[in-house]
Amino acid sequence: MIYCPNMHKNKKLLIAANWKMTPPTIQEARKKALLFKGIAKGYQRAAKAKASLQVLVCPPYPFISEIREIFRNSPALVGAQDVSEHDGGSKTGEVASTMLQSLGVSHVVVGHSERRSAGDTDEVIAIKLGQVIRTNTQVILCIGETVRDEEGEYLNAIKAQLKAGLARLSNADFSRVIIAYEPVWAIGRTDNVALSGHDLHQMVIYIRKMLRDLYNDSIATATKILYGGSVTPDNAEDIVWNGEVDGLLIGRASFEANTYEAICKNIALPTHSSMIMREAAMRKMKTIKNNKTKPSVDKSKEKVVKGMKRVKKGKAVRSAVSKKTKTR
Ligand code: PGA
């Protein structure tokens, strides 16, 4: 049986591929979709061994319909990269959530930093979220700071994005909300500047703390959190298992099916060293639980700031595990 640390939690990891504005033609999109379908089937078998990965492809709008057909009767899901804040009418060039729903789209990404920089404000993002929720579709809300400062101001920026983006939702809507933490400074980098699993874990704790403060305990624990920003086959294992996330939002590394597949493989089949680290982390968590100590906001904030000093000036902090991990 495949060893999978998260089997203890019986989690299903969502591995979302954000194809962005690629590939250039429907012919290439078809070929790529067939490869992703194969990967999804492979991990459906793995799911029986509890290494459970859910493949989600978010292609450009014009390819959604055909890819949905290709994925029919397979475990692969198709999503959208954005949606209109409007629900129809004279809105040239816009795509409504109802249209996406009618195509069988399962997830819609909202608030991606590339849409934010194209003009989406927190208010517009909150409206878009509402549109997606209304059509019973899962929404992936992207949040992430553009820069890091040593004083930890960026943590307030994350809190503000979270609060504003979720402002129009009721507690019941949260079953359809997934948060994607994507530090903007780590997106699209060529110099391996992804967050280390350890530092990401601090952010995950912080986001859950914010959800607890803004909503309640069950929303804080049940809401899925993904990571995005320069994920590669080399760092994916560390990010997922040491970062304690529920999946990934992958950009460039999903442009080629074999790179995406290498990421899936490295997550589903952790290296021995990572298993040991993970087990040590779990033992530590158990001790904390038994001592009934909970991280306070200030403490988690302090830890994040400390950790982030190490990624100052765009230098990657890679854990020993991530460095040792090679594409298998
Ligand atoms: P990247 O993009 O993986 O190419 O950094 C992530 C994203 O934009 O969601």
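Here Ala, Val, Leu, Ile, Met, Phe, Trp, Tyr, Cys and Pro count as nonpolar, Asp, Glu, Lys and Arg as charged, and the others, Gly among them, as polar. With that split, the shell around the ligand in this predicted model sorts into 5 nonpolar, 6 polar and 2 charged residues. There are 13 residues around the ligand, and the ones that come nearest are I187, G228, S230, G251 and R252. Under the split above, Gly goes in with the polar group and Arg with the charged one.

Now for the fold. The protein has 13 helices and 8 strands. Going round in the order β1-β2-β3-β4-β5-β6-β7-β8, 8 strands close into a barrel, and their pairing is parallel. On average, neighbours in this sheet are turned by 25° against each other, direction ignored. Helix α5, covering residues 122-134, packs on the sheet and touches both β4 (107-110) and β5 (138-143). The direction of α5 makes about 175° with that of β4.

Further round the barrel, β6 (residues 177-181) pairs with β7 (residues 224-228) in the parallel sense, over 4 bridges. Within this pair, A180 sits opposite L226 of β7. Strand β7 runs over residues 224-228, and G228 is also one of the residues that come nearest to the ligand.

As for the chain overall, 42% of the 328 residues count as buried. Contacts also reach far along the sequence: taking those between residues at least 6 apart, 76% join residues at least 24 apart.

Key: Residues numbered from 1 in each chain as written. Predicted model: local features only at pLDDT ≥ 70, side-chain atom pairs only at ≥ 80, totals over all residues. Near = placed C-beta within 6 Å. Pairing = 2+ DSSP bridges. Helix = DSSP H or I, 4+ residues; strand = E, 2+ residues; numbered from the N terminus. Axes fitted to C-alpha atoms, helices over the stretch in contact; angles between N-to-C directions. Contact = placed C-beta atoms within 7 Å. Buried ≥ 20, exposed ≤ 12 C-beta atoms within 10 Å, placed from the backbone.
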